[in-house]
Amino acid sequence: MLLSVSDVHKSFASADGPVPVLRGVSFTLDHGQTLALTGESGSGKSTLLHLVAGLDAPDDGRIEVAGKDIAGLDDAGRAAVRRRDVGLVFQQFNLIPSLTVAQNLSFHARLGEGVSPERLDYLAQRLGLADLLARYPEQLSGGQQQRVAIGRTLAAEPRLILADEPTGNLDEGTGDDVLSLMLELVADSGAAFLMVTHSDRLAGQLDARLHLRAGQVA
Ligand SMILES: Nc1ncnc2c1ncn2[C@@H]1O[C@H](COP(=O)(O)OP(=O)(O)OP(=O)(O)O)[C@@H](O)[C@H]1O
């Protein structure tokens, strides 16, 4: 099992005391599986994704990525797992404005093991970016920018890809195209894929769905 989440709890502090956001969430995800994380606004989707990404630590419970309990690691330990095993795609494309498309594509992989020219070439072709490599992010459409962000994530060959509303800033047609392309490339890479979405329609394109209601699996 690539990802195993067991009885995870998380509260946030407020003036009136701790507010529970996740109340005993458990699920698993295997290599090659795609899972949509749905639920109403405030149900805890982004919080859960951040915990799985190692961006924050749960109050209680286990989160195993490739057999390692990241909940028990310190910030540096979680950062190491994130760099090696996990890829993130956000609604905001988060490209580096001063770097070209080609430089953005290889940026994350350079922080880790590096990326071969063949893999970059393959991703640029598959993502329809081959003619745009010398451009800067501001010279691209939203759909093109998100395709660069997806390529940058996939270049590092993560085993687990986490996406938070990856098509949320795109119009419906562009978003559908970008998601289809992302799902094809994820399938080819054999990675596991977990995606937060508000859309039942988009959730339906993934293998399975986990619906959160008030911090618990519905
Ligand atoms: N860092 C934080 N400090 C305090 N409260 C937080 C923090 N992060 C999230 N929350 C609260 O936790 C609850 C769940 O937030 P979360 O972003 O996980 O929900 P969500 O399901 O992703 O919502 P949305 O669909 O609107 O993005 C919300 O009530 C939110 O205000």
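Hi everyone, let me start with the ligand: in this predicted model, helix 1, residues 45–53, gives the most to the shell around the ligand, with three residues. Which residues are around the ligand? They are F12, V21, G39, S41, G42, S43, G44, K45, S46 and T47. By character, that shell divides into two nonpolar residues, seven polar and one charged.

Now, let's step back to the whole protein. There are seven helices and 10 strands. Along the principal axes, the C-alpha atoms fill a box of roughly 50 × 35 × 35 Å. For those of you who like a sanity check, a compact globule of 218 residues would have a radius of gyration near 17 Å, and the protein has 17 Å, so the two agree. Buried residues make up 40% of the 218. And if you take the contacts with a separation of 6 or more, 72% of them come from residues 24 or more positions apart.

On to the sheet. Six strands form an open sheet with mixed pairing, and the order is 6-7-8-3-9-10. Why is one side of strand 6 and of strand 10 left without a neighbour in the sheet? Strand 6 (86–90) and strand 10 (216–217) stand at the edges, and each has a single partner strand, so one side of each stays free of a neighbour there.

Let me finish with one pairing from that sheet. Strand 3, residues 34–39, and strand 9, residues 208–213, run parallel and are joined by five bridges. If you want a spot to look at on screen, find L37, which stands opposite L210 in strand 9.

Thanks, everyone!

Definitions and conventions: Residues numbered from 1 in each chain as written. Predicted model: local features only at pLDDT ≥ 70, side-chain atom pairs only at ≥ 80, totals over all residues. Near = placed C-beta within 6 Å. Helix = DSSP H or I, 4+ residues; strand = E, 2+ residues; numbered from the N terminus. Nonpolar A, V, L, I, M, F, W, Y, C, P; charged D, E, K, R; others polar. Rg over C-alpha atoms; globule rule 2.2 N^0.38 Å. Buried ≥ 20, exposed ≤ 12 C-beta atoms within 10 Å, placed from the backbone. Contact = placed C-beta atoms within 7 Å. Pairing = 2+ DSSP bridges.
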